[in-house]
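Dear colleague,

I am passing this structure on to you, together with some notes that you can follow while you look at it. Please open it first and then read on.

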Amino acid sequence: MTNRQQQIVNNVDAIKQLIYDSERWLWAHPQTGFTEWDANTYLTEQFEALGYTLTQAGNVPGFYTDIDTGKPGPTLVIMGELDALDIANHPESVNGMTHCCGHHAQAAALLGIAAALKQPGALDGMCGKIRLMTVPAEEMIQLGFREQLRKDGIITFFAGKIELMKRGFFDGVDIAVMVHGNNTAPEANIDFSCTAGNNGCIMKTLKFKGRSAHAGGYPHLGINAQYAAMLGMQAANNLRETFQEKDIIRFHPVAMGVNCAVNIIPDELVLESHVRAKTLAAIEFENKKLNRAMAGAALSMGAGVEISDRPGHSPAFHDPTLMKLAEDCCGDLVGADRVSFDYNAWMSGTTDFGDVTQIMPGVQFFASGEAGIVHGIDFQVIDVEKLCVNSAKAQLFVADALLSNDGATAKEIIANYKPAYPSPQALVETVDRLIMDKDAVIYDADGNATIDFQNL
Ligand SMILES: [Zn+2]
Ligand SMILES: [Zn+2]
């Protein structure tokens, strides 16, 4: 560890209690995407108490502040997510919600970074700016609620980062870093890990539409929407053998409840799913096949299906040079033997950090300290020191490595990076075209049907 790194460690240790306290406070106040007002208010007060001036998103949670070193140079964004999940069966759920993905720990670490950067000498030797940003709604859930927000003109996108991107939060930002928690087993002796990236996704709502009737007395007058949905799932399952391994497709429809009674033929059943894959092209290709399967299933029952597709997350590609820099920083902090960065591993889940990596070099690595299954009812934080305190230190190591020496390392990474889109706005416009709402099966008066399931 260099003297400078030791100084960063001391700066974080000096404010460590704030990280511990905020981790517990945020854990106890979970709210789902675009409703994280408790966390937003709490963090706003904490940041302002540290002397920061914040730019708020306003009608959704989320804010940023810029820390100017006073010397020209690149701008690095460090983010902390705010949102929890609906998981009422978790023993510590609050109003049916829990931070069972550990995003509260990111926010606690971000607050720690903010406090550490107020310590004497914290910015010494660095150039450019550090933008600290809280972000809402990483988890792609509650599609009906988000669609209502969209219709009300509050949001354009279902994911927080691209929504903030549209609002200019990433304008002028050159490079991005964040840390997610991980449930690495303590006996594995791994404190930090990373993969090459994550799948992207499209969001899908499938409303199967039938006709209600007495289930015992007059089933011949009904059209069973539930059976149509089951056929759709069967067709999708049969299509799985056509998915190519290289694309890492994931389709996992969940029935969102039936508004019915046992003696009524169900006239409606809603499925929600992501269609996930490694590239946007693969997502679009398989999405068409899945939509066709749903339309065919509905047709076979004489039912209808309303297909709603929404942009989800872009695939996340971690910049390999930045990833190596983060790996070295983690190794400097905890020892290289406690760091496992896999440059070939790919994660089939998705994150809206992917949208960020489409326009600037970025890396999201993992800090250990969680236990149980991520998104499961046994999820717990077991080591705040690793999960939050070490996370804050590692991210500050990365910031220092990028922005010291006149920002030479950051400038090199930025120069070698090839963005998928020339600007945040270009990404926003491209993703916007994925929006589709269609009645996929239209019957005429004679019972003939027209199928219409794609817009790309
Ligand atoms: Zn999650
Ligand atoms: Zn997460």
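**Two helices that cross**

H4 and H11 are oblique to each other, because their angle falls outside the ranges for roughly parallel (under 35 degrees), roughly antiparallel (over 145) and roughly perpendicular (65 to 115). Helix H4 covers residues 103-116 and helix H11 residues 384-403, and they pack at an angle of about 50°, with their axes 8 Å apart. Here axes are lines fitted to C-alpha atoms, for helices over the stretch in contact, and angles run from 0 to 180 degrees between N-to-C directions. Helices (H or I, at least four residues) and strands (E, at least two) are DSSP runs, numbered from the N terminus.

The contact, in which C-beta atoms placed from the backbone lie within 7 Å, is made by Ala105, Ala108, Ala109, Gly112, Ile113 and Ala116 of H4 and by Leu387, Cys388, Val389, Ser391, Ala392, Gln395 and Leu396 of H11.

Please keep in mind that this is a predicted model, in which local features need pLDDT of at least 70 and side-chain atom pairs count only at pLDDT 80 or more, while totals for chains, interfaces and linings use all residues. Residues are numbered from 1 along each chain as its sequence is written, and chains are lettered from A and ligands numbered from 1 in the order in which they are written.

**A strand with two partners**

Strand E13 (residues 304-311) is largely enclosed by the rest of the structure, because six of its eight residues are buried, that is, 20 or more other C-beta atoms lie within 10 Å of their own (12 or fewer would be exposed, and in between partly exposed), with C-beta atoms placed from the backbone. E13 pairs with strand E9 (residues 197-209) in the antiparallel sense over eight bridges, where pairing requires that DSSP finds at least two bridges, and glutamate 306 of E13 is the bridge partner of lysine 207. E13 also pairs with strand E20 (residues 436-439), again in the antiparallel sense, over four bridges, and here serine 308 has aspartate 437 of E20 as its bridge partner.

**Two residues with positive phi**

Phenylalanine 34, although not a glycine, has a positive phi of about 70°, and its place is in the loop between helix H2 (16-27) and helix H3 (37-49). Phenylalanine 34 counts as buried because it has 25 C-beta neighbours inside 10 Å. Aspartate 406, also not a glycine, has a positive phi of about 60° and lies in the loop between H11 and helix H12 (408-416); with 15 other C-beta atoms within 10 Å, aspartate 406 is partly exposed.

Best wishes

Technical notes. Two residues are in contact if their C-beta atoms, placed from the backbone, lie within 7 Å.
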